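Let's take a walk through this protein together, starting with the whole and then moving to a few of its residues. Please have the structure open as you read.

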Amino acid sequence: MDNENDILRKFQKDEPIGENVLTSDNKVFRLKKISCPSCGGAVEVNKGEESATCPFCHNQFSIAKESPDFTIDREILVKYNGNKSEVQVPFGVRAIGTAAFQNQSTLRKIVLPEGVTELQGNNFHGCSNLETVILPNSLENIPQMTFAGCASLKSIDLPKNLKTIGAGAFGDCKNLTSIEIPPMVESVDINGVFFGCESLETISSYENTRFKRGYIQGCDSLSSINVLDSKTGKVISKKRVLLEEFTSYKTIEDV
């Protein structure tokens, strides 16, 4: 118990724990903490270990380890260096660095583990063959341009705890056909977030989500927005998306 309390004390004070570790670009650093993806507790990690067991909830999980495919520095995946079509980001990573996967044309599927809390922008920008994305519920924000230019992406399940979606996050996702906005997202700028999503047919959102007024351009297939009941998840009403007369723009109208 004393050892567990000592680990927790270091975690709370952000003090280093564990051994010196090498990143894939041979930088040496001391791990400050590995957060358990189940309970968030601090888990001490020894050099070379591929898995760890949380001393608090006893959950066993894989951890980020030295790999030529990943440049990981202080729990941030700085850069993906591989060329695999399917990539599982290892547990222990808490953030995906800016443009970490940008323009990876071989990437078709990406899985981010629970414990990832931050995307730093442009992460998958230009991954033209990316079809499947698995996001963790620990993620609360999708910043601007995150999936812009992912032309092969047809659908995506957004995390239930998501709060914000940045400008251009799904811009020019030309094959995206449907998306559901989680209930904690309070406002959406369709033109900013989904600009150029020409195949987008269905947007579903909850009662509390507000859509910014203004013109919509590039969402040629969008005709309505489903409004969902926060308790049952069933459609309770729709917002019409109308083409403005004499222009190529659309607007949202309550019904």
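A good place to begin is the surface: the protein exposes about 12,800 Å², and carbon and sulfur atoms supply 44% of that area. Keep in mind that you are looking at a predicted model. Of its 255 residues, 42% count as buried. The secondary structure consists of 22 strands and two helices. If you take the contacts between residues at least 6 apart in sequence, 30% of them join residues at least 24 apart.

Now let's turn to one hairpin. Strand 7 (residues 70-73) and strand 8 (residues 76-80) run antiparallel, and four bridges join them. Two residues lie between these strands, and in this hairpin R74 takes a positive phi near 55 degrees. Across the pairing, F70 stands opposite Y80 in strand 8.

Y80 leads us on to the aromatic residues. How many aromatic pairs does the structure hold? There are six. In one of them, Y80 and F101 have ring centres 5.1 Å apart and planes at 20 degrees; planes under 30 degrees apart count as stacked, so this pair is stacked. The pair links distant parts of the chain, with Y80 in strand 8 and F101 in the loop between strand 10 (95-96) and strand 11 (109-111), 21 residues apart.

Are these two residues buried or exposed? Y80 has 2% relative accessibility, so it counts as buried. F101 counts as buried too, because its relative accessibility is 0%.

F101 also forms a stacked aromatic pair with F124, at 5.1 Å centre to centre and with 25 degrees between the planes. Here again distant parts of the chain are linked: F101 sits in the loop between strand 10 and strand 11, while F124 sits in the loop between strand 12 (118-119) and strand 13 (132-134), 23 residues away. Both F101 and F124 are buried. Following the rings further, you will find that F70, Y80, F101, F124, F147, F170 and F194 form one aromatic cluster. The hairpin partners F70 and Y80 are thus both members of this cluster.

For a last stop, look further along the chain at N226, which is found in strand 20 (residues 224-228). Its relative accessibility is 12%, and under 20% means buried, so N226 counts as buried. What is N226 in contact with, leaving aside its neighbours within four places in sequence? The residues are T202, I203, S204 and S205, together with V235, S237 and K238.

Technical notes. Residues numbered from 1 in each chain as written. Predicted model: local features only at pLDDT ≥ 70, side-chain atom pairs only at ≥ 80, totals over all residues. Heavy atoms only, no water. Buried < 20%, exposed > 50% of the residue type's maximum accessible area, 1.4 Å probe, protein only. Contact = heavy atoms within 4.5 Å. Areas by Shrake-Rupley, 256 points an atom, 1.4 Å probe, with all protein chains shown as cover. Pairing = 2+ DSSP bridges. Phe/Tyr/Trp six-rings, centres within 6.5 Å; stacked < 30°, edge-to-face > 60°.
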